[in-house]
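User: Please take a close look at the pockets of this protein, and at the second largest pocket in particular. Which residues line it, and which elements do they come from?

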Amino acid sequence: RKCPEHRSAREEPFFTIPVDVRNKQNLAESLASYVSGELMEAENQYMCEQCGCKVDAVKRQCIQSLPHTLCIQLKRFEFDYESMQRL
């Protein structure tokens with residue numbers, strides 16, 4: 001059974017948005033990066049539940065509505081798991 005879109009979506013409540021600030025000029029650029037998505041391909045392909053096969057996909061966050069109070073977490077540091085040090 002084949003599906004034409006290989007699409008999955010779910011709504012989750014949230015109160016915090018963690019955004020990268022390294023190499024970003026402003027908050028708008030950080031938020032654009034947050035919703036841009038991550039390509040899932042090769043060994044990291046998405047398993048489509050509708051057709052039962054692995055497919056290339058884009059995993060991303062979509063914001064449909066904002067809570068009354070929103071906290072923006074500025075991710076100022078990155079961690080290197082190989083050296084076990086903060087970058």
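Analyst: A pocket here is an open set of grid points with protein on both sides within 12 Å along at least five of seven lines, and its lining residues are those with an atom within 4 Å of a point. The model is predicted.

In this model the second largest pocket holds about 190 Å³ of space. Its lining is made up of P18, V19, D20, S30, S33, Y34, S36, G37, E38, K59, R60 and Q61. Two elements, β1 and α1 (27–36), each give two or more residues to this lining. Of these, α1 gives the most, with four residues. Sorted by class, the lining of the second largest pocket has five polar, four charged and three nonpolar residues.

The largest pocket serves as a reference. Its volume is about 1,200 Å³, and 27 residues line it. Nearest to its centre lie S8, A9, R10, R60 and C62. Here the elements that supply two or more lining residues are β1 (16–20) and β5 (57–59). The largest share, three residues, comes from β5. By class, this lining has 13 nonpolar, eight charged and six polar residues.

Two points link the pockets. R60 is one of the residues nearest the centre of the largest pocket, and R60 also belongs to the lining of the second largest. Likewise, β1 gives two or more residues to the lining of the largest pocket and two or more to that of the second largest.

Definitions and conventions
Residues are numbered from 1 along each chain as its sequence is written. This is a predicted model: local features need pLDDT of at least 70, side-chain atom pairs count only at pLDDT 80 or more; totals for chains, interfaces and linings use all residues. Side-chain values use heavy atoms; hydrogens and water are left out. On a 1 Å grid over the protein atoms alone, a cavity is a set of points where a 1.4 Å probe fits but cannot get out, and a pocket is an open set with protein on both sides within 12 Å along at least five of seven lines; lining residues have an atom within 4 Å of a point. Grid points are joined across faces, edges and corners, and a volume is the space filled by probe spheres set on the points. Ala, Val, Leu, Ile, Met, Phe, Trp, Tyr, Cys and Pro count as nonpolar, Asp, Glu, Lys and Arg as charged, and the others, Gly among them, as polar.
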